[in-house]
Amino acid sequence: MNTINSSVSSLTMEGQKIYAAKAESPKPVVKSPVIQSGAEVAQSIEKNLADFKADIQQLEKMSEVTSGRKLQFNVNKELNTVIVRIVDSNTNQVVKQIPSEDMVKLKTRIRKAIGSMYDKMI
């Protein structure tokens, strides 16, 4: 019995030493998130938009060379989504639009309806 008590007591002492060592170790410093001013956010958005437009131009050039059809990328500002159009380069007629014109109109109407419902609730 004496050996069990001494083993338990030595384990208890070791546990206390480990706990004390962890308690004394410095606490990690938590950095507060970087808060950007409105001007910085606006500049970031403008830069991202400029980069996006440059990428769009490159994609349009590549598509025109490869398939004889043009890809047009536009940003619908009201919905904040990208609209892709496949255009026949000979006739300049839209072959396909993603999302379709009907879907764009539907999303716009839904957004307006939600906005008016939200305004009425306030």
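## The hairpin

Let's start with two strands in this predicted model. β1 and β2 make a hairpin, and 4 residues sit between them. In that turn you'll find N80, whose phi is positive at about 60 degrees.

How do the two strands line up? Strand β1 covers residues 69–76 and strand β2 covers residues 81–88, and they pair in the antiparallel sense over 8 bridges. One pair to look for is V75 and its bridge partner in β2, V82.

## A nonpolar patch on the surface

Those two valines turn up again here. V75 and V82 join L49 and F52 in a nonpolar patch on the surface. Together, the four residues have about 270 Å² of accessible area.

Now take a look at F52, which belongs to helix α2. Is F52 buried or partly exposed? Its relative accessibility is 31%, so F52 counts as partly exposed.

## The salt bridge

How many salt bridges does the structure hold? Just 1. The side chains of D51 and K47 form it, with 3.0 Å from N to O.

Both residues lie in helix α2, which runs over residues 38–67. D51 and K47 are 4 residues apart there, so about one helical turn separates them.

What about their exposure? K47 has 52% relative accessibility, so K47 counts as exposed. The cut-off for exposed is over 50%. D51 has 37% relative accessibility and therefore counts as partly exposed.

How values were computed. Residues numbered from 1 in each chain as written. Predicted model: local features only at pLDDT ≥ 70, side-chain atom pairs only at ≥ 80, totals over all residues. Heavy atoms only, no water. Buried < 20%, exposed > 50% of the residue type's maximum accessible area, 1.4 Å probe, protein only. Patch = residues over 30% accessible without salt bridge, like charges linked within 9 Å, V, L, I, M, F, W, Y side chains within 5 Å. Areas by Shrake-Rupley, 256 points an atom, 1.4 Å probe, with all protein chains shown as cover. Pairing = 2+ DSSP bridges.
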